[in-house]
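Got the model open in your viewer? Let's walk through it one selection at a time.

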There are 2 protein chains.
Amino acid sequence: MQLTINKSRLMKRLSELARIGAFSDGGVCRLALTDEDKAARDQVMQWMKDLHLQTHIDQVGNLIGVRPGAKDIAPIVIGSHIDTVPTGGRFDGAAGVMAGLEAIESLNEYKIQTERPVAVVTFTNEEGVRYHNDLLGSRAFCGYISPEEAYKTVGTDHTIFGEELKRIGFAGEFPSGSIRPHAFLELHIEQGPVLDREQVSIGVVEAITGIAWYEITIQGEANHAGTTPISMRQDAGLTAARIITYLREIANSLGENQRATCGAISFYPNAINVIPEKATLSIDLRNPDKTTLEEAEQRLLDFLEKCTIQDNVQIETQRLAWVEPRACHTDIISTIIEATNELGYSHKTMVSGAVHDALTMASYCPTGMIFVPSKGGVSHNPAEYTSADELEAGANVLLKTVLKLSQQKM
Amino acid sequence: MQLTINKSRLMKRLSELARIGAFSDGGVCRLALTDEDKAARDQVMQWMKDLHLQTHIDQVGNLIGVRPGAKDIAPIVIGSHIDTVPTGGRFDGAAGVMAGLEAIESLNEYKIQTERPVAVVTFTNEEGVRYHNDLLGSRAFCGYISPEEAYKTVGTDHTIFGEELKRIGFAGEFPSGSIRPHAFLELHIEQGPVLDREQVSIGVVEAITGIAWYEITIQGEANHAGTTPISMRQDAGLTAARIITYLREIANSLGENQRATCGAISFYPNAINVIPEKATLSIDLRNPDKTTLEEAEQRLLDFLEKCTIQDNVQIETQRLAWVEPRACHTDIISTIIEATNELGYSHKTMVSGAVHDALTMASYCPTGMIFVPSKGGVSHNPAEYTSADELEAGANVLLKTVLKLSQQKM
């Protein structure tokens with residue numbers, strides 16, 4: 001008998017959760033530690049209790065529901081988040097938590113006794129919108145940030161993380177950093193167009209991308225667009241344009257996992273007949289391989305050096321963020337592929353170009369990620385969509401992977 | 001005996017005029033038809049009367065002071081403007097009018113009877129800041145715009161040109177379009193860096209640039225900067241960057257008089273981790289040769305066509321402005337050069353990359369322009385500067401050119 005999850009039960013929970021923080025056009029807004037987040041947490045806690053899990057709220061408000069195993073050993077942990085961006089959809093994060101609960105309800109239903117405990121976790125403040133300290137919950141779960149440090153985080157609305165956590169009643173006492181999972185699994189929507197476009201059911205994540213963020217400020221000289229000969233210009237806007245076109249060259253030359261994007265720009269004084277005196281642009285470089293990501297950064301910096309000479313401008317470079325890429329665990333990758341094949345779903349190994357709680361977990365314990373398709377690659381948007389069948393497939397792969405891992409030695 | 005102007009008299013008038021509308025950091029603000037413009041007009045009218053000129057105020061408020069010649073034939077007209085941009089300097093426009101008055105005072109002083117009448121004109125609303133209808137005074141002077149049409153112009157402050165002209169007492173009765181000059185001369189600061197950098201005293205303008213202004217809107221697709229493979233992107237920002245770098249190629253390939261500038265840009269949504277869905281940019285193309293300017297436009301449009309295919313984006317193009325270039329009159333150019341040589345000043349023939357009243361006049365009567373250096377190429381700025389010696393040289397060339405033209409047949 002093929003053990004499978006119950007699709008309608010999964011979709012029912014997902015719909016109920018999506019009602020909390022719903023706004024008019026089908027979107028969801030549940031910023032971390034707001035009243036909406038509290039209501040969603042209360043609902044998840046209730047579901048965990050309905051499934052007879054041992055529930056814990058840890059010091060940073062991570063919700064943990066444990067289904068005991070035959071032995072009291074390191075658990076298999078399934079986790080994701082239920083906070084959203086301001087104009088989010090109903091799948092990002094929530095899909096992973098709901099699939100985890102559904103996997104456990106299936107174990108209950110089939111009365112399966114796993115060797116290892118199986119736990120579901122919802123991590124606090126993954127999105128990092130209200131509190132810029134993103135992945136805060138998973139980082140505290142791994143002991144990478146202390147609860148005391150987390151409490152001090154100031155929100156964009158000037159609230160204090162620790163105070164808001166208390167206010168909504170989720171400042172727990174279970175020590176963060178006290179669980180070291182045997183394995184961590186996260187099911188998530190892809191948030192990219194690949195699975196949808198290639199009509200593949202399951203993305204098996206091999207690595208989670210590293211990120212380097214820069215702000216580049218180019219200082220030239222403002223001058224009259226008509227009276228200044230080309231040879232006498234110090235056109236900061238032209239340099240900005242050269243950098244953006246070079247980013248595409250970087251991406252094209254460093255393999256298909258390299259991403260390079262300029263998303264934001266501004267010119268000063270930004271007038272049609274004035275040569276830009278100043279240009280500011282943002283740069284987002286990503287690669288799942290650390291050495292290649294560093295190579296991309298170096299090429300960028302070398303190019304900037306060339307531009308200062310060629311265009312007679314000054315360039316200031318600020319690295320705003322650096323996230324080290326992480327590989328998923330090879331044994332877990334194979335287990336997910338095995339499960340997918342046994343279930344008869346198509347799969348594709350791929351890189352996660354976005355950051356997830358699994359990135360934090362991957363440096364803490366063996367970690368795997370299961371992607372399900374995002375229609376049109378859209379996410380962080382009310383139009384975000386994954387079909388019930390696609391979610392069912394992902395949850396089935398999750399369940400089968402949990403079963404395999406909870407029996408097996410690693 | 002070398003006939004020359006009186007430098008200290010010239011500088012005195014320039015200083016007195018600069019006090020009207022002066023603001024703290026040395027700048028001048030005299031928007032057209034404001035109280036400051038009225039005060040400056042009153043002052044100029046007074047000076048014209050002091051010089052025993054026949055004064056007229058025409059229907060759009062152009063101030064005309066005529067020194068009769070031996071014969072009542074077509075006059076030599078010297079003209080420029082005394083309105084400024086909001087944060088202007090003391091030389092742009094004013095230098096030309098003050099040099100004209102000084103040339104006439106020198107004629108008076110030396111009791112020279114010219115064959116032709118010599119007139120000084122200050123044109124209304126050259127800058128086109130308060131009333132976007134720029135070069136309004138010179139266009140009415142040539143009969144290219146009727147006083148009735150001019151009166152209807154609505155200001156950025158919602159005032160009506162005709163009403164404001166009456167309010168300040170300069171709605172004259174002298175018919176605009178009734179004087180057809182034998183020749184028109186304008187002395188102006190270069191507003192570019194060339195004379196200053198090359199240490200040349202006099203710029204002899206051969207042609208006044210034409211201008212084509214565009215707004216380009218590129219529509220791509222917003223997507224996640226991490227999860228969207230390069231091959232699946234529709235990056236409006238990248239296309240914008242390609243266009244900007246191509247503008248430099250246009251300029252480099254169409255000769256040194258071609259200018260091509262992107263001064264203003266915006267991305268939407270303008271976020272570091274989102275591929276731009278939309279990019280808007282301004283384009284300023286200039287060339288003193290109409291055919292070449294049209295060639296530059298065509299190359300731009302062809303390139304946009306290529307981009308829509310290469311980058312899978314849509315591009316909308318709007319031509320915001322088109323100003324036809326005008327050549328100065330060859331006989332006047334030679335006369336200015338002759339005068340400059342006789343006075344022993346260095347000169348350079350050049351193109352005016354900015355627009356002036358002389359552009360309008362050049363299609364109405366034989367026209368010439370004399371440029372004096374702008375320190376660092378700076379203009380439309382309180383730091384705008386031309387030295388007393390440089391102005392003296394320019395005014396001397398103006399006077400000598402007037403003398404030559406007022407005797408000679410053309």
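**Stop 1: the domains of chain A**

Start by colouring chain A by its domain assignment, which gives domain 1 (7-208 + 325-407) and domain 2 (210-323). Keep in mind as you go that this is a predicted model. Put a marker at the C-alpha centre of each domain of chain A, and you'll find domain 1 and domain 2 lying 36 Å apart. How many residues of domain 1 of chain A are in contact with domain 2 of chain A? Six residues of domain 1 are, and they meet eleven residues of domain 2.

**Stop 2: where the two chains meet**

Now bring chain B into view. Here 47 residues of chain A are in contact with 48 residues of chain B. To see what chain A brings to this meeting, select β10 (223-224), α8 (236-253), β11 (259-261), β12 (265-268), β13 (274-275) and β14 (278-287) of chain A; these elements each give two or more residues to the side that touches chain B. Which of them gives the most? That's α8(A), with nine residues.

Next, try superposing the copies. A turn of 180 degrees, plus a shift of 0.2 Å along the axis, lays chain A on chain B with an RMSD of 0.2 Å. That is the relation of a two-fold axis. The same surface serves both copies, too: 100% of the contact residues of chain A recur in chain B. For a landmark, pick Ala241(A), the residue of chain A whose C-alpha comes closest to the rotation axis, at 2.1 Å.

**Stop 3: a pair of cis bonds**

Select Tyr268(A) and Pro269(A) and look at the bond between them: a cis peptide bond, with omega about 5 degrees. Pro269(A) sits in the loop between β12 and β13 of chain A. Hop over to chain B, where a cis peptide bond joins Tyr268(B) and Pro269(B), again with omega about 5 degrees. In chain B, the loop that holds Pro269(B) runs between β10 (265-268) and β11 (274-275).

**Stop 4: helix α1 of chain A**

Go back to chain A and select residues 7-19. This is α1(A), with 13 residues; from its first C-alpha to its last it reaches 19 Å, close to the 18 Å expected at 1.5 Å a residue. Show the side chains of Leu10(A), Arg13(A), Leu14(A), Leu17(A) and Ala18(A), which are buried. Look down the axis of α1(A): the buried residues fall within an arc of 135 degrees, so they line one face of the helix. Turn to the face that points away from that buried side, and you'll meet the exposed residues Ser8(A), Ser15(A) and Arg19(A).

What covers the buried residues of α1(A)? The cover includes β1 (22-23), β2 (27-28), α2 (35-50), α3 (94-109) and α12 (388-407) of chain A. Before you leave, click on Gly21(A), just after α1(A): this glycine takes a positive phi of about 90 degrees.

**Stop 5: helix α3 of chain A**

One of those covering elements, α3 (94-109), is the next thing to select. It has 16 residues and reaches 22 Å from first C-alpha to last, close to the 22 Å expected at 1.5 Å a residue. α3(A) is mostly covered, with 14 of its 16 residues buried. Following α3(A) comes Lys111(A), which has a positive phi near 50 degrees.

**Stop 6: into the nonpolar core**

Which residues touch the most other members of the largest nonpolar core? Among its 232 residues, they are Leu398(A) and Leu398(B). Centre on Leu398(A) and, leaving aside residues up to four places away in sequence, look for the ones it touches: Ile78(A), Ala99(A), Ala103(A), Leu185(A), Leu187(A) and Ile370(A). As background, nonpolar side chains in soluble globular proteins tend to be buried together.

**Stop 7: three loops to finish**

- Select His158(A), in the loop between α5 (147-151) and α6 (161-167) of chain A. Its phi is positive, about 70 degrees, although it is not a glycine. Is His158(A) buried or exposed? It counts as exposed because it has 6 C-beta neighbours inside 10 Å.
- Move to Gln199(B), in the loop between α7 (194-198) and β6 (202-208) of chain B. This is a residue other than glycine with a positive phi, near 55 degrees. With 8 C-beta neighbours inside 10 Å, Gln199(B) counts as exposed.
- End at Ser363(B), in the loop between α11 (357-362) and β16 (367-372) of chain B. Ser363(B) has 12 C-beta neighbours inside 10 Å, so it counts as exposed.

Key. Residues numbered from 1 in each chain as written. Chains lettered and ligands numbered in written order. Predicted model: local features only at pLDDT ≥ 70, side-chain atom pairs only at ≥ 80, totals over all residues. Core = buried A, V, L, I, M, F, W, Y, C linked by C-beta atoms within 7 Å. Buried ≥ 20, exposed ≤ 12 C-beta atoms within 10 Å, placed from the backbone. Contact = placed C-beta atoms within 7 Å. Helix = DSSP H or I, 4+ residues; strand = E, 2+ residues; numbered from the N terminus. Expected span 1.5 Å × (residues − 1). Arc of directions from axis to C-beta. Least-squares fit on C-alpha atoms with pLDDT ≥ 70 in both. Domains from an automatic or database assignment.
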